[in-house]
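Here is a short tour for the bench, to be read with the model open beside it. Feel free to rotate the view as you go.

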Amino acid sequence: MTSRQRTADSNSLSPRRRTVVKAAAATAVLAAPLAAAIPARAAEAPAFLHGVASGDPLPDGILLWTRVTPTAEAVPGSGLGPDTEVAWTVAKDKAFTNVVAKGSVTATAASDHTVKADVRGLAPATDYWFRFSAGGTDSPPARTRTAPAADATVTNLRFGVVSCANWEAGYFSSYRHLAARGDLDAWLHLGDYIYEYGTGEYGTRDTVVRQHAPTHEILTLADYRIRHGTYKTDPDLKALHAVAPVVAIWDDHEFANDAWSGGAENHTEGAEGAWTARQAAAKQAYFEWMPVRPALAGTTYRRLRFGKLADLSLLDLRSFRSQQVAVGNGSVDDPDRTITGRAQLDWLKAGLKSSDTTWRLVGNSVMISPFAIGSLSADLLKPLAELLGLPKEGLALNTDQWDGYTDDRRELLAHLRSNAIRNTVFLTGDIHMAWANDVPVDAGTYPLSASAATEFVVTSVTSDNLDDLLKVPEGTVTALAAPVIQLANRHVHWVDTDRHGYGVLDITADRAQMDYYVLSDKTKANATSSWARSYRTRTGTQKVERTYSPV
């Protein structure tokens, strides 16, 4: 891909050059309006303006998160504000009459006044309430839930599943509808929790629904902190964080578009500083602002277990990958190229082989199923190429996905087949479409029976999909493109190229089912939600089938 090429997340089909704003000047410009937006009481007492959150549930513990604003000028990214003691309390009831754990931690400017408490000693598979306190001010109370005991027989698990939430493209109604359910063990965010672009540079159907901060493309630690802080003022996002723990991985936009280990499509070395510095800043801000417990420093790959029913392997497909192949620049089949890195792939293979749970879930930021574009008409191929970041010369696959790293994929799928590893389900975001796929061992000679795993892909919360790019009524592109896509990709049971929403994954010993929900209008703060489709995979089959009602 060229250094200036945009994905479908640009607000037109023609890429535009970004304006680089010096970070120091930008931070100074932003400090005044951000400080002015803080309630007056924040100048007198600490305030919890960014909500509270929990994440990475364990059988005996949970990771709690908040950000305290100790003074009016101590806005995200400012580096201002005094050290502040923040107490945390965990109870079995919302009134906090039955307290089971408490402690304190110091919020400092060095961590952008974010704090985490990794609470242990809790009971498995139990709902808890928690809150933070500072300077006489309590945060809103929030609910969380621990994972089942490792050896527990679990009859059912239910996870919300989301990805790709662009602040400027619309409202986060998907989060609100998931929060209202009240039945989630946890929710999975599969990447692109934030976006790095400057205002109006990212897919918004030519309309910025609400402007983010900072308004320029984020490059520095202060920039990334401000952007994370902006997102965590969203009421729907705060509501979801307040009712269930999140399990999150990053994709590229937490850094820059089409990021790889040594750079990104949306990064100009030199003019925008060094990639190593930008990547380090993005990672630091992410771990400050997200309730994520890294198993290894600087990466989001890790594994969680939910009793005997399921384990969840979470991947980091940005930190270790080779640069994406472009036309005339290498081969997707080069065995020296990797999407996972050697250590992560070995860790994943070993974990899948040794797993003794009924289901092996894989949190996977980009689609692993092969995708050949097929004989789409030119008017559909151009926006699809834009959405996937493909060269207009017509490379018939998305080299940012596993399609661009076929040796890693072959090794992983062969490992599943040769070791008779059943019930592996990839849970995927990134592509701004909903899919239900078998994952073929060999896409080139694929008989419909030779599937090594299954994959459920959720659409975007707000980020543009094909109908947005073409500015046509919702459903128009799916009606034309889906039959062509399925004809060229026989393992694809369903694809919806047009709608926004979320998934709910429900797991029993007999099946794993994804219920797909869609929003009425991403640009409306009060958008309604409706069930669209459901697909499941029955235990032992490694195949997807349609089912005609949600769980």
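## The largest nonpolar core

In this predicted model, the largest nonpolar core holds 40 residues, and those touching the most other members are Phe172, Tyr175 and Trp187. At least two residues each come from α2 (173-181), α3 (221-231), α4 (235-241), β11 (246-248), α5 (275-289) and β19 (501-507). Helix α5 gives the largest share of this core, with six residues.

Trp187 is a good place to center your view. Leaving aside residues up to four places away in sequence, Trp187 touches Gly160, Val162, Tyr175, Leu237, Leu240, His241, Ala244, Pro245, Val246 and Val247.

## A second core

There is also a separate core, made of 33 residues. Among its members are Leu58, Leu314, Leu361 and Leu427.

## The seven-stranded sheet

Next, find the open sheet of seven strands, whose pairing is mixed. Reading across, the order is β12-β13-β14-β15-β17-β16-β18. Strands β12 (302-306) and β18 (492-496) form the edges, each pairing on one side only. From one strand to the next, the twist averages 20°.

At the β18 edge, β16 (residues 434-440) and β18 run antiparallel and are joined by four bridges. To find one of these on screen, pick Ala436, whose bridge partner in β18 is Trp494.

## Helices on the sheet

Helix α6 (residues 342-354) packs on the sheet, where it touches β12, β13 (310-314), β14 (359-364) and β15 (424-428). The direction of α6 makes about 15° with that of β12.

Helix α10 (residues 476-488) lies across β16 and β18. Relative to β18, α10 runs at about 155°.

## A closer look at helix α8

How far apart should the ends of α8 (residues 406-418) be, at 1.5 Å a residue? The expected span for its 13 residues is 18 Å, and the end C-alpha atoms are 18 Å apart, so the two agree.

Which residues of α8 are buried? They are Thr406, Asp408, Arg409, Leu412, Leu413, His415 and Leu416, so you will find charged and nonpolar side chains listed together here. The cover over these buried residues includes α6, β15, β16 and β17 (451-457). Just past the end of α8, look for Ala420, which takes a positive phi of about 50°.

Conventions: Residues numbered from 1 in each chain as written. Predicted model: local features only at pLDDT ≥ 70, side-chain atom pairs only at ≥ 80, totals over all residues. Heavy atoms only, no water. Pairing = 2+ DSSP bridges. Axes fitted to C-alpha atoms, helices over the stretch in contact; angles between N-to-C directions. Contact = heavy atoms within 4.5 Å. Expected span 1.5 Å × (residues − 1). Buried < 20%, exposed > 50% of the residue type's maximum accessible area, 1.4 Å probe, protein only. Core = buried A, V, L, I, M, F, W, Y, C linked by side-chain atoms within 4.5 Å.
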